[in-house]
Amino acid sequence: MKFVALTGRTVAFLVAPEGAEQAELTGSWQAVAEAGGTPRLVSTRPGRVQAFRYLDRADTFPVDDVVGVVRPADYDALILPGGVANPDLLRLHRAAVSFVHELSAAGRPVAVICHGAWTLIEADAVRGRTLTSWPSIRTDLVNAGAYWVDEPVHVCRDGPGVLVSARRPADLPAFTETLVTEFAHARPAAGPHPPWPVAHEAAPSRHAAPEEVSRESGGPAPG
């Protein structure tokens, strides 16, 4: 299978200092890196973030950029991993919410999985959009003006920029393949869309089980 490269694209992964679901972070990170993109871990404070496997502590990862210090305009796309505590903490942080709102309103492509849509709700970035999520936040999305669907991955183009969403870690293979394709075809932050190259070899570990994704398979290095 051919994958359109993300060469020259900088992708922000926004997570709270703790609570992000590790498989959703590292699985998406690996997909972006293997497609030639530059993933950057963005959080609300410097240092390291604590990821989780459901309710258990997993690995920690170094923060690259801090919201409120970096410019949203410097990123070509945004990925919001889930985990219950992660988006709940982000939506209480004014700079994090502003970061998401600015990227979404500017038409940057956004990909969100599981509970990550809570942050989009706080940033007023789901009104009139169609997306999927972890089933328990369906009512929250509908009350915020979104249309909810029960699909492994959904692509919505009814807004400033494309919105890719998925329900849970089990949807990661479809989610990562879709977000790479959609991000590659979106207009880059730097200007007009150039003819992006095509990678002729498929990433061999793209469809690894979420539990097996680690720094050896392309995720940010844990500590």
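1. Two strands pair if DSSP finds at least two bridges between them. Keep that in mind for the sheet around strand β9, which is a good place to start in this predicted model. β9 and strand β13 (residues 163–166) are parallel partners, with four bridges between them. One position to look up is Val110, whose bridge partner in β13 is Leu163.

2. β9 also has strand β8 (residues 77–80) as a partner: these two run in the parallel sense and share three bridges. Here Ala111 of β9 has Ile79 opposite it.

3. What about the two faces of β9, residues 110–113: are they covered or not? Both are covered, with Val110 and Val112 buried on one side, and Ala111 and Ile113 buried on the other. So Val110, which bridges to Leu163, and Ala111, which stands opposite Ile79, point to opposite sides of the strand.4. Carry on past β9 and you reach Cys114, in the loop between β9 and α4 (117–122). Its phi is near 65°, a positive value in a residue other than glycine. Cys114 has a relative accessible area of 6%, and because the limit for buried is under 20%, Cys114 counts as buried.

5. Tyr54 is another non-glycine residue with a positive phi, near 60°. Tyr54 belongs to the loop between β5 (48–53) and β6 (56–62). Is Tyr54 buried or exposed? With 65% relative accessibility it is exposed, because exposed means over 50%.

6. If you work with the cysteines, a word on those too. A disulfide is a covalent bond between the sulfur atoms of two cysteines. With a cut-off of 2.5 Å between cysteine sulfur atoms, the count in this model is zero disulfides. Cys156 is buried, at 2% relative accessibility.

7. Next, a look at helix α6 (residues 172–185), where Thr176 is found. Thr176 has a relative accessibility of 3%, and counts as buried because this is under 20%. What does the side chain of Thr176 reach? It comes to 3.3 Å from the backbone oxygen of Pro173.

8. Finally, a word on confidence. The chain has a mean pLDDT of 86, and 83% of its residues reach 70 or more. Over residues 191–218, however, the pLDDT is below 50. This stretch still has 57 contacts in the model beyond near neighbours in sequence. Where pLDDT is low, the predicted coordinates should not be read in detail.

Note on methods. Residues are numbered from 1 along each chain as its sequence is written. This is a predicted model: local features need pLDDT of at least 70, side-chain atom pairs count only at pLDDT 80 or more; totals for chains, interfaces and linings use all residues. Side-chain values use heavy atoms; hydrogens and water are left out. Buried means under 20% relative accessible area, exposed over 50%, partly exposed in between (1.4 Å probe, protein chains only). A polar contact is a pair of N or O atoms within 3.5 Å; within protein, one must be able to donate a hydrogen and the other to accept it, and residues adjacent in sequence count only if both atoms are side-chain atoms. pLDDT is the predictor's confidence in each residue, from 0 to 100. Contact means heavy atoms within 4.5 Å.
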